[in-house]
Amino acid sequence: MIGYLHYTKQSELESYSVCVIGAGAAGISLAIKLSRSGHSVLLIEGGDWQETPEVVDAYVGEATAPHPQTTEFRYQRFGGTTHLWGGRCVPLDKHDFEKREHVPASGWPAGAAEIADYYSQALDYCDAGENNFTITAFGPNAKPIFSEAPLLEPELNEYIERYSLPTDFGQKFRQELTDSKSVYVLLRTRCIALNTNTAGNIVTSVTLHDGNQALDVKVKQVVLAGGGIETTRLMLVSRQKIPAWSDLDNSLGKYYACHYDLIFGALRFSGERPVFDFQKTSEGIYARRKLQFSAAYQAEQGLLNSAFRLHFPAYADPAHGSGVMSTIFLAKSILKPEYQAILNHGVNQTAIRGQSFKHVMNVVMDISSVIGFAFNWLFKIKLAKRRIPYTLVANRNGTYPIEFNSEQVSDANNRIELLEEHDRFGMPRVSVHWKMTAQDIASGIKSFNLLKKQFEKSKACRLEFEPKELQKAMENALPVGGHHMGTTRMGTAPNDSVVDVNCKVHGVKNLYIASASVFTTNSHANPTLTIVALALRLADHLNQSVTTKE
Ligand SMILES: Cc1cc2nc3c(=O)[nH]c(=O)nc-3n(C[C@H](O)[C@H](O)[C@H](O)COP(=O)(O)OP(=O)(O)OC[C@H]3O[C@@H](n4cnc5c(N)ncnc54)[C@H](O)[C@@H]3O)c2cc1C
């Protein structure tokens, strides 16, 4: 069932076994799994079916550049940010969960690695196929990314990343939740505070607000699933009135991480061209190739975990000569700001200003490709249920820029704090502080130098870059928008973390967190697959402790 606060009886709201705050990827996955196991869930969502300007106000805050503004790269409506996501599904690697001597504050608590057991289910929720991230997913005879790639092993190995439809969780599960007798979804209702007993060890009620009225609703079990920033904000706001939570101050709001992203250098292939495009796996899922240093090599060289992908030339720079890319670039003003940011990524905007004429010439000179692309765009993107994730046009000269995604060191100075200013619900707004650490920069530089060395084993391919430019480029690497991790991190005790291995807040019997904010370390992997895996694992944990609704 789905409804609104003003016409719902308080006694009805208080009858549910689990109260979940936030109906994005995490909250919906959790509610669905719990309800399928016979439990009753109150699912509270601040947005409505669509995001409205009035709702956006709750996300207004501050962020230190180059971190995107707090209204960007997240979305408030039923289904949350999955309305916008690109659908790239990547699991954490085994060594991400381990204590690595060269990575400060690494090591998830014992038992956390079992999250990986939930990737198969999570892939199913994300419509991204089977739990196989090797090239065998393309079939037993799949060829490597280029014929000499096996020469680079075991230091450098090839994997794949899978793509979701991309699945909008709001759309996918709307009917099931509407028909459900055991889940009640409350739309356009924000949770603005958690209230506890005097000891602070039980959440007794949550304060809800629909813009007109505030209501304290008694709860049994509570799960915060409002996304990495909002979940942390709700914890920080509640902490202000709960002295017993002072133990959490060591970590709450601290250790904020995004992945960092850099497009730099280029692989030059002489003769044979590599596999560049999306390919379909045996089950029909779009996937792409990527390269990664092995865990052993990372440990030996003291590297953070990272991945390298072949990239397309900058759309904004007409020198690529592609009519398709110029068409997309010229059309970018009709795209959402999040996608504009992706197309402009890494390109000096001043340098490309006033180049529209050259883009138009590209379109004219390459019109047959543009017509072919228009056909593909209509049938493989616009009308297709499973869409090609994005447009890939290779450079004609056989060079491929490298896209580098890396883990960041978990650093307490990167953080989320409350501001003095309040939103229309009376909640303090947030300030996000993000920057690259010296270790992030050093690890990125070393990774590129070692990649270059690896490619010296190949005759057909060289990594080219200007060594003098690497340092500056790495210092200016950008945080990946929409990946908000670490600020309620998982650990063994309050001196190093906010939640335990079961995502339960330390010292509070009935409060859990389902979000990337619990990530102890952040890997190179996009977070959503792991967010969903964590939510499904939490559902199993709650399943054992929750009373089924009468
Ligand atoms: C352009 C873009 C591309 C992306 N591409 C990828 C990708 O390819 N792969 C990937 O893994 N990830 C990607 N992401 C990130 C992905 O969208 C997020 O990781 C994912 O949506 C997070 O899920 P969530 O449930 O934690 O939060 P969200 O999806 O943000 O959902 C949180 C929900 O909670 C609600 N809420 C928040 N606070 C409250 C409150 N106090 N009371 C009530 N409701 C509340 C919000 O309104 C929202 O609907 C991308 C993001 C963007 C913006």
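Which helices and which strand each supply at least two residues of the shell around the ligand? Before selecting anything, keep in mind that the model on your screen is a predicted one. Now colour helix 2 (25-36), strand 8 (190-196), helix 6 (228-239) and helix 15 (528-545), for these are elements that each give at least two residues to that shell.

**Stop 1: the ligand**

Select the ligand together with the residues around it, of which there are 39, and then pick out Gly22, Gly24, Gly80, Gly226 and Gly482, which come nearest. If you colour the shell by class, you should find 14 nonpolar, 18 polar and seven charged residues.

**Stop 2: from helix 2 to helix 5**

Keep helix 2 selected and add helix 5 (residues 169-179), which packs with helix 2 at an angle of about 30°, the two axes being 11 Å apart. Angles under 35 degrees count as roughly parallel, and helix 2 and helix 5 are therefore described as roughly parallel to each other. Their crossing is left-handed. To see where they touch, show the side chains of Ala25, Ile28, Ala31 and Ile32 on helix 2, and those of Phe169, Phe173, Glu176 and Leu177 on helix 5. The residues of this contact divide into seven nonpolar, no polar and one charged.

**Stop 3: the loops before helix 5**

Step back along the chain to the loop between strand 6 and helix 5, where Pro166 has its place. The peptide bond that leads from Leu165 to Pro166 is cis, with omega near 10°. A second cis bond runs from Glu153 to Pro154, and its omega is near 5°. Pro154 is found in the loop between helix 4 (119-125) and strand 6 (156-163). The loop between helix 4 and strand 6 also holds Asp127, whose phi is near 55°, a positive value in a residue other than glycine. These spots deserve a pause because most residues other than glycine have a negative phi, and most peptide bonds are trans.

**Stop 4: the antiparallel sheet with strand 8**

Return to strand 8, and select with it strand 9 and strand 10: the three form an open sheet in the order 8-9-10, with antiparallel pairing. Strand 8 and strand 10 (214-218) stand at the edges with a single partner strand each, so one side of each has no neighbour in the sheet. Turn the sheet in your viewer and you can follow its twist, which averages 25° from one strand to the next.

Next, look at strand 9 (residues 203-209) and strand 10, which pair in the antiparallel sense over five bridges. Two of the facing pairs can be labelled here: Leu208 stands opposite Leu215 of strand 10, and His209 stands opposite Ala214 of strand 10. The hairpin made by strand 9 and strand 10 has four residues between the strands, and in it Gly211 takes a positive phi near 100°.

**Stop 5: the mixed sheet and helix 6**

Now select strands 4, 18 and 17, which form another three-stranded open sheet, arranged in the order 4-18-17 and mixed in its pairing. Its edge strands are strand 4 (62-63) and strand 17 (415-422), each of which pairs on one side only. Strand 4 and strand 18 (residues 428-433) run parallel and are joined by two bridges. Within this pairing, Glu62 has Ser431 of strand 18 as its bridge partner. Bring back helix 6, which packs on the sheet and touches strand 17 and strand 18, its direction making about 65° with that of strand 17. Recall that helix 6 is also one of the elements that supply at least two residues to the shell around the ligand.

**Stop 6: helix 13 and helix 14**

For the last stop, select helix 13 (residues 438-455) and helix 14 (residues 467-475), which pack at an angle of about 140° with their axes 9 Å apart. Helix 13 and helix 14 are therefore oblique to each other, and helix 13 passes helix 14 in a right-handed crossing. Which residues make the contact? On helix 13 they are Ile441, Gly444, Ile445 and Phe448, and on helix 14 they are Leu470, Gln471, Met474 and Glu475. Coloured by class, this contact of helix 13 with helix 14 shows five nonpolar, two polar and one charged residues.

Conventions: Residues numbered from 1 in each chain as written. Predicted model: local features only at pLDDT ≥ 70, side-chain atom pairs only at ≥ 80, totals over all residues. Near = placed C-beta within 6 Å. Nonpolar A, V, L, I, M, F, W, Y, C, P; charged D, E, K, R; others polar. Pairing = 2+ DSSP bridges. Contact = placed C-beta atoms within 7 Å. Axes fitted to C-alpha atoms, helices over the stretch in contact; angles between N-to-C directions. Parallel < 35°, antiparallel > 145°, perpendicular 65-115°, else oblique. Left-handed = near helix turned anticlockwise from the far one by under 90°.
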